[in-house]
Structure formats: C-alpha cells, structure tokens
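Biologist: Please take a close look at a single part of this model, the contact between the two chains, and set it against the fold that carries it.

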Protein chains: 2
Amino acid sequence: MSRNSPGLAVVLLSGGLDSAVALYVAREKGYGVHALSFDYGQRHRKELDCAEMIACKSGSQWHRIRLEFPWKGSSLLDKNQAVPQEFSGGKIPSTYVPGRNIVFLSFAASLAETLGAGTVFIGANEIDYSGYPDCRKDFLQAFQTALNLGTRTGVEARGIRIEAPLIRKTKAGIIRLGMKLGVPFEFTWSCYNGRTRACGTCDSCRFRAAGFARAGIEDPAL
Amino acid sequence: MSRNSPGLAVVLLSGGLDSAVALYVAREKGYGVHALSFDYGQRHRKELDCAEMIACKSGSQWHRIRLEFPWKGSSLLDKNQAVPQEFSGGKIPSTYVPGRNIVFLSFAASLAETLGAGTVFIGANEIDYSGYPDCRKDFLQAFQTALNLGTRTGVEARGIRIEAPLIRKTKAGIIRLGMKLGVPFEFTWSCYNGRTRACGTCDSCRFRAAGFARAGIEDPAL
C-alpha cells in the first residue's frame, strides 16, 4: 500500500448485493480489504460461494469463519419454516436472526484489532430493507461507542471506525453506485431460497428486482 | 420455575472464580440459568472442564461454543509467548484478547434472545482486574445501549439486560459473597498457565491469592 493509503479494512461480506457494493466502496477509497464471511447454518451455501468469488474478483483477502451456534427461531435458518413471500409491512419479519449483526460486527472488530485495521465496513441499509433492527444507523452508532470503550485500540489509539456507506441509500442508488465501481453483480446472490435460480418472490428478491428496475439496469444475475 | 421467577438468564462462564460467583448470584436471584462457555483456543482446557463442572454442580444448563477464529497477538493464546509474571501497572497487558468480551456478550445476547431469556450475567470486574477495557462498566453500558437498539426484543419488548453484579467489588468481597452462596471454589481455575497446579505468579493467580488472603479464607483449589 502507498503512503497515502488509508490502511487496512475488514469488510463484512455476505455474498449479497449490498455487502459487495460496500466492499467496492472500501477498495475505491484505497483500503487493503480483508473480506469476512460467516458459515452460520444458512439455508444454502450459494451466498458463501458468491462471497468467495467477489473477494477474489476484487483482489481482497477472504476469511471465512464457521460459527457453531444454536440459532433457532429464524425462518432463514430453519428449513422446516417457509420464508415469507411478501413484504412484512414495517414489522420485523421471521427471517430475523437473533443478534446476527451484533455477532458479525464483534468478530469483524476483533479481526480488525488483530490485523491492525482501523475500519470495518458493513453494507447495512435502512431504506429498502427488511426491518432488521441491527441494520439501523442508531444501532451502529451505539455499537461504535461500545467498540471505542471496549477495545485496546479504542482506549489507547485511534480505535476501529464502523463505516456503513449505504445506510441511507435506496436500493436503486446502491445498484447505480455498484455499477460505477464495477461490482460483478452476476456473482451476488440475494434470494433467501437459494435454488439455482432466484425465487423472485421473497422479500430480498423483491427489493433487488425493484432496485434494478428503478435504476433502469438489467440484473446480470438473472 | 415459579410464577415469581425472574425467568431465564444466560451466564457467561469461563471456569474462573468471578464468573462462577456471577452464576451463583443469578441462581440466588431465582433465574433458570443457561451457562455459556467458549472453546476459543485457550492455552489449556482446564478452565473449560471447570466450567462444565460448575454448571453441573449448580444445576444449570451448559452450552459450549467452539469459535474457529484467528485471534493472534495475545499471550493468553500463543504458547510461544510467555504470560507476564507481574502486575501490568495500569497498562493493558499482553494477555488481552482483541474484542473477547464483545464477541462473548454478542453470543450471549443472541442465545438469550433465542431462548427468550431477559438477562445476561457477566462476572466482569473493574477493581481487582487486569485492566482489560471490555471488563469496565462504561463499556458494558454502551453495549447495553447497542443491544437495546439492535435486537428484536430490545425494539419490540423488554430487551435483554446485562447484569454485572461484581463490577465494583474487590476480589476479597467476591470471594466472601461466593462462600455465602456456596460456590464450589475448588472447581474454579484462575491460572493462565494451566498446569496441574496453579503457577502462583501470573496476574490472575496473584489477584486470586491476595483476594483469599484478604477475605481470611483458605483457597480450596490449592
């Protein structure tokens, strides 16, 4: 990295559209990127394969952490529960995974501190989103305060900054930004159902389709 | 549980002295306890064996989570580094593990939300302690705010309360409280070096020995 490089960043990379754009924002800003993905019992492996490919395409290091954790009660993890096929209308939907981003951000911060990275990027978005409380700016700011107080680098040095560059963007805006940055959208996966083709009807597929439509761009993953 | 029971609690249980006392405080208050321990590459397994025994003796459920995580840079995890044999004098010592309690509390909160438990107990203490930033009250309060904003139960219901009943106690005070509550101290392990007998010279051994001496009690683990 050059002298003017902002240094290293850890980017939470799910394999979905938003986190891929967040990664390319970090690259654009000159960070040396360590992408971090979790194998936590998702309904399907497709998004992990996508994450690995996006990390590779972008020239980033990729870390995968297996989490052996008894998360239950989320339709996203329980193959016996159906994933809802419509917008949840402001309520937190059944695909909510208890504390997921709290756990993921904790690992990202810990990895950042281990690597000496000063920034963690997360593709969280609270505009065209499913209503998960751990995707909101208020939560991220509170978590930032906890990191400042609870880590060695927060107490003794400059700390670890959480960046959520997409937090107030629309899905169409995120897609336009990603196109500009060269995000390989054909390797991003949004569908909760994880078949060989996206189902087109789950929350996540609908947000994606509406975003591409509003951006006036054809979805290269279809 | 009776009608007057405060419900379920998740207790972070390392196998050391403080977390064992925190667990017995939770039991004394009437909680149904789920003890949570982590296998994260400690220098030795002794404290995990102690945690399992304490959970069993106290009649609590025990959960162990294996964390596959590339934590480096801590002498507590790296067998090639020596554990310091003296007090660190106000500095954060080399035994600090990046973001450890942040990750542990995140899992505890996630497990609590999954189980419908309203409280997480942690044996953190900022009086007779090694200076880890993630053991301090300020950090715990900030993390509490993040939990209130970032979990479904924090947004829709009463939330998950973090209790740190030992936070302002001296080690002698913790030991006296533990004796009163019947904590089986003979099954707690504090030494960083994890031989068959405690080394007696590491930070953690010294805090423990001084605590028992000041409490006027013989350490049943010796």
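Modeller: What follows goes from the confidence of the model to the symmetry, the contact and then the sheet of chain B.

This is a predicted model, and its scores are ipTM 0.87 and pTM 0.90. Chain A has a mean pLDDT of 89, with 91% of its residues at 70 or more. Where pLDDT is low, the predicted coordinates should not be read in detail.

Two copies of a chain are related by a rotation about an axis and a shift along it. Here a turn of 180° and a shift of 0.0 Å along the axis lay chain B on chain A, with an RMSD of 0.0 Å. That is how a two-fold axis relates its copies. Both copies use the same surface, since 100% of the contact residues of chain B recur in chain A.

As for the contact itself, chain B puts in 37 residues and chain A puts in 37 residues. On the side of chain B that touches chain A, the elements giving two or more residues are strand 3 (61-66), helix 3 (100-115), helix 4 (137-150) and helix 5 (152-156) of chain B. Helix 3 of chain B gives the most to that side, nine residues. Sorted by class, the side of chain B that touches chain A holds 18 nonpolar, 10 polar and nine charged residues.

Strand 3 of chain B leads from the contact to the sheet. Chain B has an open sheet of five strands in the order 3-2-1-4-5, and the pairing is parallel. The edges are taken by strand 3 and strand 5 (161-163) of chain B; each has a single partner strand, so one side of each has no neighbour in the sheet. From one strand to the next, the twist averages 25°.

At the strand 5 edge, strand 4 (residues 119-121) of chain B runs parallel to strand 5 of chain B and is joined to it by three bridges. Within this pair, B:I162 in strand 5 of chain B is the residue opposite B:V120.

Two helices complete the picture of the sheet. Helix 1 (residues 17-28) of chain B lies across strand 1 (8-12), strand 2 (32-39) and strand 4 of chain B, and runs at about 170° to strand 1 of chain B. Helix 2 (residues 46-57) of chain B also packs on the sheet, where it touches strand 2 and strand 3 of chain B, and its direction makes about 170° with that of strand 2 of chain B. Strand 3 of chain B is thus named twice, as a contributor to the contact with chain A and as an edge of the sheet.

Technical notes
Residues are numbered from 1 along each chain as its sequence is written. Chains are lettered from A and ligands numbered from 1 in the order in which they are written. This is a predicted model: local features need pLDDT of at least 70, side-chain atom pairs count only at pLDDT 80 or more; totals for chains, interfaces and linings use all residues. Copies are superposed by least squares on the C-alpha atoms of residues with pLDDT of at least 70 in both. Two residues are in contact if their C-beta atoms, placed from the backbone, lie within 7 Å. Helices (H or I, at least four residues) and strands (E, at least two) are DSSP runs, numbered from the N terminus. Ala, Val, Leu, Ile, Met, Phe, Trp, Tyr, Cys and Pro count as nonpolar, Asp, Glu, Lys and Arg as charged, and the others, Gly among them, as polar. Two strands pair if DSSP finds at least two bridges between them. Axes are lines fitted to C-alpha atoms, for helices over the stretch in contact, and angles run from 0 to 180 degrees between N-to-C directions. pLDDT is the predictor's confidence in each residue, from 0 to 100.
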